[in-house]
Amino acid sequence: MSLNTDFMVKVAQTAIQGVPVTLQIVLVALVISFPIGILFALIRIYRVKVLQRVVQFYVSLVRGTPIIAQILIVYSALPSLLNMIIGRAAFAINPIYYAYIVFTLNAIATLTEVFRSALQTVDKGQMEAGLMVGMQPRQTFWRIILPQALISALPNIANTTLYLIKNSSLAFIMSVKDITAIAKTEAAFNYNFLEAYLVVWVYYLIICYAAEVVFYLLERYFSKYRRPIKKTSGFNWLPFRIKQPKLERKQS
Amino acid sequence: MLTIEGLKKSYAGNDILKGISIDVNKGDVISIIGPSGSGKTTLLRTMTTLEEADGGHITFSGIDKDFEKLTGKEVNTIRRNVGFVFQNYNLFNNKTALQNITEGLIVARKVKKSEAEKIALKALERVGLTDRKNHYPSQLSGGQQQRVGIARAIALNPEVIFFDEPTSALDPELVGEVLKVMQDLASSGTTMVVVTHQMSFARDVSNRVIFMADGHIVEQGAPKAIFEKPSEQRTKKFLTDILANV
């Protein structure tokens, strides 16, 4: 068995057009689900009467079904539904919108739980201290509680993002032309499946690695207030480095 | 200046406060002592509206009302005119020492940032922490954190400052620095209500000691009277128990 490297280069060149599509799906899903996730988390924490139940039901519904089933349902139900409302134009809609919907709905469910646990890690004394210096609960929430919660949520947000990047590869089912879809098409034309899939593999690896670096930098920047010591841990810049990053203990 | 009458509070059917009345005058330094579970902390928290009271009356900064009938606006007025120092400091973790103090001034009092910083620096100077102004709470020792907590309270220039066991969470060697700051405050005429287990503070610094047990005020008076000639059996027992451990 030998790899057709010329073909791999060719697939890499075509599949790169799918990178922006993949990133778009991830970014749209994240940006929309972020504030909604916070809102849903608050609804659950403060046990807002009926809404609490709705959110809880929604979260278990999304988390309790495979994403592929959600994709299939949205992709078969929505176009026909829209067809009844706006007629044939429904079939001209770019399928990426369906991908936005599925992955946003998914990210909302995950982030709701991420924010709920993060908000609960903030000591209630922080709110009390805010009230006792005369701030309103709302002001204390925005200025004191939420910033702390977001920072402790960062590792889990990173997790969600990585899953989102990888799950977005399922969008090919809805004929969205992302990295996976392009590579699959190329592979099918030339019967060079392994080569095409290896390219896909590398692309996702690069994107995920970049996301990890971004989140590492964010965490390092924002958690400066949590560091008694100058630098406690570093980032594994090489993804497969066996040696653990050194712990530097410098008392300031 | 601050009068509380018949303050009641219960949790899940347990009466924690069974009708407490307290009178705080300007310049008073009142120590509240008593066994754990006697309701000292709850008293402080209900007086300052951190907890809702089940009954009782408050007269304070223009308000003369039953606790249950306080409007949101009046609750704000009360909160704005008291300072509170917490047992576990409760500094804003995501703010530096200086920002901890300016936060309330800027956000709640609408003081200009430059002005707020001036006030905050003065407050930090009073607790001897000017050089730590840019440190985050996690970078400060417990004693330093509590002193920032005190600075945060005095910067708002409240009518009365409540201290909820301010030294209980501290390592023994750090208690002194906090007590010293409190002593300075007391001698500069700050009105203070202090829940404490530091009998030396109650005896030497305060001008009135309140002994609480089981949600009641058992006895109150000048520290000399309470410590040397307590008239109630419970006070006597508490003092012998606690002084035996010193």
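Across all chains of this predicted model, the count of salt bridges comes to 18. Three of them are set out here, with the closest N and O atoms in each case.

| Salt bridge | Closest N and O atoms |
|---|---|
| Arg44(A) with Glu113(A) | 3.3 Å |
| Glu103(B) with Arg143(A) | 2.4 Å |
| Glu74(B) with Lys65(B) | 3.0 Å |

**Within chain A**

Let's start with Arg44(A) and Glu113(A), which form a salt bridge. This pair ties together distant parts of the chain: Arg44(A) sits in helix H2 (residues 18–45) of chain A and Glu113(A) in helix H5 (residues 96–121) of chain A, with their positions 69 residues apart in sequence. Are these two partners buried or exposed? Both Arg44(A) and Glu113(A) are buried. They don't stand alone either, as Arg44(A), Glu113(A) and Arg116(A) are linked in a network of salt bridges.

As for the chain around them, chain A has 9 helices and 0 strands, so to speak of its element order is simply to write α-α-α-α-α-α-α-α-α from the N terminus on. Of its 252 residues, 43% count as buried. If you take the contacts in chain A with a separation of 6 or more, 74% of them come from residues 24 or more positions apart.

**Across the chains and within chain B**

The Glu103(B)–Arg143(A) salt bridge crosses between chains, going from helix H3 (residues 97–108) of chain B to helix H7 (residues 137–167) of chain A. Glu103(B) has a relative accessible area of 4%, so it counts as buried. Arg143(A), at 35% relative accessibility, is partly exposed.

Then there's the salt bridge of Glu74(B) with Lys65(B). Glu74(B) is buried, because its relative accessible area is 18% and the cut-off for buried is under 20%. Lys65(B) comes out at 26% and therefore counts as partly exposed.

**The sheet in chain B**

Chain B has an open sheet of 4 strands in the order S2-S1-S4-S5, paired antiparallel. Why do S2 and S5 each have a side without a neighbour in the sheet? Strand S2 (14–24) and strand S5 (63–66) of chain B stand at the edges and have a single partner strand each, so one side of each is left free of a neighbour there. On average, neighbouring strands of the sheet are turned by 15° against each other, direction ignored.

Further in, strand S1 (residues 2–11) and strand S4 (residues 55–60) of chain B pair in the antiparallel sense over 5 bridges. In this pairing, Thr3(B) stands opposite Thr59(B) in S4(B).

Two helices go with the sheet. Helix H1 (residues 40–47) of chain B lies across S1, S2 and S4 of chain B and runs at about 115° to S1(B). Helix H2 (residues 72–80) of chain B packs on the sheet too, touching S4 and S5 of chain B, and its direction makes about 120° with that of S5(B).

**A buried Glu without a salt bridge**

Now for Glu219(B), found in strand S10 (residues 216–221) of chain B. Glu219(B) is buried yet has no salt bridge: Lys236(B), the nearest side chain of opposite charge, is 8.3 Å away. What does lie 3.2 Å from a polar atom of its side chain? That's the backbone nitrogen of Glu232(B). Leaving aside neighbours within four places in sequence, the contacts of Glu219(B) include Val209(B), Ile210(B), Phe211(B), Ile226(B) and Pro230(B). Ser231(B), Glu232(B) and Thr235(B) are also among them.

How values were computed:
Residues are numbered from 1 along each chain as its sequence is written. Chains are lettered from A and ligands numbered from 1 in the order in which they are written. This is a predicted model: local features need pLDDT of at least 70, side-chain atom pairs count only at pLDDT 80 or more; totals for chains, interfaces and linings use all residues. Side-chain values use heavy atoms; hydrogens and water are left out. Two strands pair if DSSP finds at least two bridges between them. Axes are lines fitted to C-alpha atoms, for helices over the stretch in contact, and angles run from 0 to 180 degrees between N-to-C directions. Contact means heavy atoms within 4.5 Å. Buried means under 20% relative accessible area, exposed over 50%, partly exposed in between (1.4 Å probe, protein chains only). Lys and Arg count as positive and Asp and Glu as negative; His and the chain ends are not counted. A salt bridge is a side-chain nitrogen of Lys or Arg within 4 Å of a carboxyl oxygen of Asp or Glu. A polar contact is a pair of N or O atoms within 3.5 Å; within protein, one must be able to donate a hydrogen and the other to accept it, and residues adjacent in sequence count only if both atoms are side-chain atoms.
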